[in-house]
Amino acid sequence: MSQETGLDTRFAFANVIAQEAGAMALDYFNRRETLVIETKRDLQDVVSVADRNVETFIRQRVAETFGADGFLGEEYGYQEGQSGFTWVVDPIDGTAPFVNGMATWCVSIAVLHRGVPVIGMINVPCDDELYAAAAGMGASLNGKSLSLDQSRTLQNAMTGIGCNTYVTPQRVGAIIAALLGKGGNFIRNGSGALMLAYVAAGRLVGYYEPHMRAWDCMAGYCLVKEAGGTHLAFPTEGEALLQGHPVLASNQTVYADLLAIHAD
Ligand code: IPD
Ligand code: CA
Ligand code: CA
């Protein structure tokens, strides 16, 4: 894919809006005691005006510049496009850490081309970190190229595990037991998108969560793949794009091990 097909221009634009949206979200974070916190599916599923307004900002910026592109965002849903490109955005991933004053949240922006994630941009404002990847162009963290270390295993590295109330406590317990049984260990920081970026950066050897949505994982998937890792396919045809699916991304060295835990 090249300049003529629109990847380069969207990549440059995604970089700019990820930074603008990150600055806007950080401003809300720094005055979070003024935000009214609402709940969605359950008491753990929180949202505020910060999530909504950051998404609206990104939607408007994309619509002004790429009016024929589709857009899927967590807060305001799906609008189909005509160009073959679809922006998939989680304005704040890690809203629970965000509203509780922890730094592990991010703005996640992906672009799909005919269903395949070709751009992944994750901005982590509290850490001043911008993860960026585009298909065939590699992945980077603050401009420094990312490439996974083939010596990392489940045993000598940490694995991110995520969960939400779509998955039973028994299933989550079994996943963690299986990982510990293989000599691995788990970590969860409240932002699945950020933990996927950590896989791309080699900080985690893999990430697994049994049920996530496209806006949680598409940017991370592009980053992990471009850093040399691999991931499960996330179905993007028709309604499947709007539904939840298992998410697994890792260094190639542990993919079979994590797939076995997923299949158990
Ligand atoms: C959630 C986070 C969390 C993951 C959940 C997601 P949100 O997204 O990524 O780590 O375990 O499945 O829904 O609600 O903070 O955007
Ligand atoms: Ca999310
Ligand atoms: Ca979110």
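This short talk walks through two pockets and one bound ligand in the structure above.

Hi everyone, thanks for coming. One thing before we start: this is a predicted model, so please keep that in mind as we go.

Let's begin with the largest pocket. Its volume is about 830 Å³, and 34 residues line it. If you want to find its centre on your screens, look for Gln 44, Asp 45, Cys 163, Asn 164 and Arg 188, which lie nearest to that point. As for secondary structure, two or more lining residues come from each of β5 (85-93), α3 (95-99), β13 (206-212) and α6 (214-226). Of these, β13 gives the largest share, with four residues.

What is the chemical character of that lining? It divides into 13 charged, 11 polar and 10 nonpolar residues.

And where does this pocket sit relative to the domains? Domain 1 (3-146) and domain 2 (159-263) each contribute to the lining, so the largest pocket lies between them.

Now the second largest pocket. Here the volume is about 340 Å³, with a lining of 19 residues. Nearest its centre you'll find Tyr 78, Glu 80, Thr 86, Gly 115 and Thr 236. The elements giving two or more residues to this lining are β5 and β6 (106-113). So we meet β5 again here, having seen it in the lining of the largest pocket. By type, the second lining holds 10 polar, five nonpolar and four charged residues. Both domains take part once more: domain 1 and domain 2 each supply at least three residues.

On to ligand 1. It is surrounded by 14 residues, and the closest are Asp 93, Gly 94, Thr 95, Asn 164 and Glu 209. You may recognise Asn 164, which is also among the residues nearest the centre of the largest pocket.

Which backbone atoms come close to the ligand's oxygens? A backbone N or O atom of Gly 94 is 2.7 Å from a ligand oxygen, and for Thr 95 the distance is 2.9 Å. Gly 190 also places a polar backbone atom 3.2 Å from an oxygen atom of ligand 1. As for burial, ligand 1 taken alone exposes 380 Å², and the protein buries 87% of that.

That's my tour. Happy to take questions!

How values were computed: Residues are numbered from 1 along each chain as its sequence is written. Chains are lettered from A and ligands numbered from 1 in the order in which they are written. This is a predicted model: local features need pLDDT of at least 70, side-chain atom pairs count only at pLDDT 80 or more; totals for chains, interfaces and linings use all residues. Side-chain values use heavy atoms; hydrogens and water are left out. On a 1 Å grid over the protein atoms alone, a cavity is a set of points where a 1.4 Å probe fits but cannot get out, and a pocket is an open set with protein on both sides within 12 Å along at least five of seven lines; lining residues have an atom within 4 Å of a point. Grid points are joined across faces, edges and corners, and a volume is the space filled by probe spheres set on the points. Ala, Val, Leu, Ile, Met, Phe, Trp, Tyr, Cys and Pro count as nonpolar, Asp, Glu, Lys and Arg as charged, and the others, Gly among them, as polar. Domain bounds come from an automatic or database domain assignment. A residue is near a molecule or strand if one of its heavy atoms lies within 4 Å of it. A polar contact is a pair of N or O atoms within 3.5 Å; within protein, one must be able to donate a hydrogen and the other to accept it, and residues adjacent in sequence count only if both atoms are side-chain atoms. Accessible areas come from the Shrake-Rupley method with a 1.4 Å probe; for residues, only the protein chains shown count as cover.
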